[in-house]
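Here are a few notes to help you find your way around this one. Have the sequence and the 3D view open while you read.

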Amino acid sequence: MSEVLKDNKMKIINQHYVDGQFRPSTGSEKMDIINPSDESLIGHVLLGNEQDMEAAIVAASAALPSFSQTSRVQRMDYLQQLHDALMERLDDLQEVTTTEYGATIQRSRWSNQYAAETFLYFKEILKDFSFERRIGQSVVSMVPVGVTGIMTAWNANSGSICVKLAAAIAAGCTVVIKPSEMSAMQSQVLAECFDRAGLPAGVINMVHGRGDILGTVLSTHPAVAKILFTGSTVVGKIIARNAVDTMKRVTLELSGKSPNIILDDADFDTAIPMAINAAFMNSGQACIAGTRLLVPEAKLQEVKDILLKTMATQKVGNPRDGQTVIGPMASQKQFDRIQHYIRLGINEGAELLVGGLGKPEGLENGFYVKPTIFTGVSNEMTIAQEEIFGPVLSVITYKTEEEAIAIANDTIYGLHAYVSSSDMERVQRVAAQINAGRVSINTIYHDALAPFGGFKQSGLGREGGLYGLEEQLEPKVIIS
């Protein structure tokens with residue numbers, strides 16, 4: 001069992017995974033690890049510094065010439081080994097995700113199993129992928145882009161890391177991972193899995209640390225050819241600016257403010273509970289959360305009644321309780337952020353249907369918030385325009401289908417959208433007019449093989465599936 005998990009003592013993360021071994025951190029900054037369920041101190045992480053990150057980049061650079069020449073079959077074997085290593089530790093990964101992040105046990109299990117399965121998806125893609133294509137008089141070879149820097153957020157640690165890592169390994173790239181410092185325990189177990197998988201030294205490296213320090217090194221270092229980042233649009237813009245001086249390739253999966261249009265012919269008894277699930281998935285801490293619910297003005301009372309009935313079944317509490325749907329927020333900072341937006345919604349004149357400020361009764365210890373639904377929201381309000389990243393839903397009414405589409409598109413973001421209707425021809429027409437990287441029709445299903453990414457300020461490029469693999473490759477043309 002991992003040193004991170006083997007007893008109930010304070011957990012100390014003081015090593016990075018570099019060049020095939022765990023090395024002591026040379027940094028001096030220590031950060032507390034707080035259990036969000038009860039606010040108890042459960043550990044410390046010794047954050048890395050520029051020297052630690054430099055060592056990881058050097059290791060990845062040294063491993064690249066050999067690894068980039070591995071065969072398709074070799075890389076397929078490596079992907080299988082990575083999958084197997086994660087599956088061996090699935091219980092540990094689930095446990096640490098719930099402990100450190102506060103994810104419900106259902107979410108913890110699903111997210112880590114998804115992370116493991118991602119390696120098999122890319123193994124399958126590799127089977128028939130054409131690395132050479134003849135175009136005109138030329139042969140186009142798809143070659144590895146090079147050393148890849150991976151930076152991820154705290155809300156989906158394993159999945160966000162592994163979907164990027166799997167694409168890089170499939171392409172023949174070496175990687176340096178800078179996970180969120182708020183996910184140090186989860187990331188350390190992942191690093192142990194990567195070590196167990198037995199890839200050549202230097203192919204996978206991981207350094208714990210702050211984004212403003214280590215992220216700056218990764219995004220400016222001349223040896224790094226590619227950056228894969230999941231996080232806020234604000235930070236994504238900083239990374240893009242840093243990367244441009246060395247013309248790094250970037251894939252940025254950023255913020256969202258996803259609309260969920262319920263058309264007037266939808267089955268409201270199905271669509272409205274599904275809308276709650278879309279808004280409050282992962283305790284509302286999801287970039288694809290459908291936090292703007294667009295409903296026909298004439299059906300508002302019916303919508304309110306179903307929302308209230310559904311919310312009565314949404315248990316908030318201990319994430320280890322199998323009945324819990326919404327666990328704690330990840331940190332005090334995140335709790336405070338959500339309180340700020342709820343207060344803004346009230347001050348801007350939105351009507352509280354359920355929820356509000358403060359913690360739910362009986363949950364005073366822990367970063368728990370009241371799942372909140374506002375009605376009477378106009379799309380110009382702050383709560384309808386800015387990503388809150390918590391269980392806060394804004395209900396917006398519309399009069400016509402055209403108005404619903406206009407409201408849905410009236411945002412700087414374009415990551416995801418949802419539409420519900422009983423008329424497939426109509427709903428397909430509406431979906432085609434929404435400016436988003438993904439539009440889900442009558443479902444909240446995640447298709448792992450389809451490309452994921454956003455329009456507008458929700459990002460650049462795509463990850464996942466075939467498109468994610470191609471983002472790790474450069475076309476090289478040989479003319480003869």
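1. Where does lysine 456 lie? Lysine 456 is part of strand β21, which covers residues 455–456. Keep in mind that this is a predicted model. The phi angle of lysine 456 comes out near 50°, a positive value in a residue that isn't glycine. Lysine 456 counts as partly exposed, because its relative accessibility is 39%.

2. Phenylalanine 389 is another spot to look at for its backbone: phi is near 65°, again positive in a residue other than glycine. You'll find phenylalanine 389 in the loop that runs between α12 (382–385) and β17 (392–398). Is phenylalanine 389 buried or exposed? With a relative accessibility of 15%, phenylalanine 389 counts as buried, since buried means under 20%.

3. Next, asparagine 260, which has its place in strand β13 (residues 259–262). Its relative accessibility is just 4%, so asparagine 260 counts as buried. Which residues does asparagine 260 touch, leaving out those up to four places away in sequence? They are Ala275, Ala278, Arg292, Leu293, Leu294, Tyr418 and Val419. For a sense of scale, go from asparagine 260 to glutamine 94: they are 166 residues apart along the chain, and 30 Å separates their C-alpha atoms.

4. Threonine 291 sits in the loop between α9 (268–280) and β14 (292–296). Threonine 291 counts as buried because its relative accessibility is 8%. Setting aside neighbours within four places in sequence, threonine 291 is in contact with Lys257, Ser258 and Ala279, and also with Val392, Leu393 and Ser394.

5. Now to the surface and its charge. Which residues gather in a patch of negative charge there? The patch brings together Asp267, Asp269, Glu302 and Asp305. Of these, glutamate 302 belongs to helix α10, residues 300–311. Glutamate 302 has a relative accessibility of 35% and therefore counts as partly exposed.

6. Last, a nonpolar patch on the surface. Met10, Ile12 and Leu41 make it up, and its area is about 270 Å². If you want a place to start when looking for it, isoleucine 12 is found in strand β1, residues 11–13.

Methods. Residues numbered from 1 in each chain as written. Predicted model: local features only at pLDDT ≥ 70, side-chain atom pairs only at ≥ 80, totals over all residues. Heavy atoms only, no water. Patch = residues over 30% accessible without salt bridge, like charges linked within 9 Å, V, L, I, M, F, W, Y side chains within 5 Å. Areas by Shrake-Rupley, 256 points an atom, 1.4 Å probe, with all protein chains shown as cover. Salt bridge = Lys/Arg side-chain N within 4 Å of Asp/Glu carboxyl O. Lys, Arg positive; Asp, Glu negative; His and termini not counted. Charge placed at Lys NZ, Arg CZ, Asp CG, Glu CD. Helix = DSSP H or I, 4+ residues; strand = E, 2+ residues; numbered from the N terminus. Buried < 20%, exposed > 50% of the residue type's maximum accessible area, 1.4 Å probe, protein only. Contact = heavy atoms within 4.5 Å.
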